[in-house]
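Work through the exercises below with the sequence and the 3D structure side by side, trying each task before reading its solution.

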Amino acid sequence: MKLFSILSFICFFSANMQLHAQKIYGTRNAKISFVAPSDDDVKAVNNEVSSRLADNGAISFSLLIKGFKFGYAEMQDHFNNEYLESNKYPRADFKGTITNIKEVNFAKNGTYKVTVNGSLTLHGVAKNIAANGTITVNNGKISALAKFPIIMKDFKIEASAVTDKVNAEISAVYQ
Amino acid sequence: MKTWLKIVLILIGIGMISGGIVAYKIFTKPHRDVTAEKAVTLTAQGLYDAFRTNEANANQLYLDKAIELSGEVLEVSANQDGKTVVNFKTNDPLFVINCTFKTNPGELKTGSNITFKGICTGYIPDANVVINEGVLIK
């Protein structure tokens, strides 16, 4: 009986080790910025994006809407109170996969082109999006960059007085 | 001058003035200055406990509010725009209070206790509570 419990203990731990063999990179201060294509003044940046990237291709981003800083305070108020309703929907989340992760060699320096597919939840609406980006490996330091458009009506954001879409760019330097 | 023309001109004038006022408001409204605001005083652990136990309630209490936070410095770093970021320690090794300074706080030591005042932007489960636009109090 004792032998059995020791064996099952060992089995349990080795199985656990297997599960945790994948490497996860993280940061709490990735940067996302966006700009309206029709008006350069409509732009904002958020430097407190939490992100995780696993070497099996799983990637996630979470950010707080109130963390977006605009050049103009009045625009920031409209963005929070009228368009994004950040008291009701304080967070945006993306969970996805890098579909060609096998082409990224985390042990070799270089910039690798990647495609990301996943679900973006914004303003209480979840929608699948795809984006092209890059992963850069530089002496063990991993960073990721992607650009993608966000269409306001896809996320039920009524901002037609300002813009129909914004171009977003996300940049993460992982630790 | 015909009366209807006068009315039209007056209306156009009113429109231009009110448009000007709106534009003036948009482009001149100052950003929040946290140093001038009365803050809610909390420890890093207290803020974490509030969000972990009841996020909706903590959002009501702290979201968008000025917070004066005391705690132990776990890490000091800089964000991609060169602003100083301090992570405050909590009793959960994976969870911190992530605080970004708007002004340079000078040298901060890991393991020291500091007080920071900033604006709480919310809670990211399994990661951190975010406070930004902050200044060093002591």
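**Exercise 1.** How do the residues of the lining of the second largest pocket divide into nonpolar, polar and charged?

*Solution.* The model is a predicted one, in which local features need pLDDT of at least 70 and side-chain atom pairs count only at pLDDT 80 or more, while totals for chains, interfaces and linings use all residues. Residues are numbered from 1 along each chain as its sequence is written, chains are lettered from A in the order in which they are written, and side-chain values use heavy atoms, with hydrogens and water left out.

Begin with the terms: a pocket is an open set of points on a 1 Å grid over the protein atoms alone, where a 1.4 Å probe fits, with protein on both sides within 12 Å along at least five of seven lines, and lining residues have an atom within 4 Å of a point. Next, locate the site: 30 residues line the second largest pocket, with A:Gly26, A:Thr27, A:Arg28, A:Arg52 and A:Gln175 nearest its centre. Finally, sort the lining, which gives 13 nonpolar, 10 polar and 7 charged residues, where Gly counts as polar and Asp, Glu, Lys and Arg as charged.

**Exercise 2.** Why is strand S4 of chain B described as largely enclosed by the rest of the structure?

*Solution.* Strands are DSSP runs of E with at least two residues. Because 6 of the 6 residues of S4(B) (residues 96-101) are buried, the strand is largely enclosed by the rest of the structure; buried means under 20% relative accessible area with a 1.4 Å probe, protein chains only. Then compare its two sides: B:Val96, B:Asn98 and B:Thr100 point one way, and B:Ile97, B:Cys99 and B:Phe101 the other.

Note on methods:
Buried < 20%, exposed > 50% of the residue type's maximum accessible area, 1.4 Å probe, protein only. Helix = DSSP H or I, 4+ residues; strand = E, 2+ residues; numbered from the N terminus.
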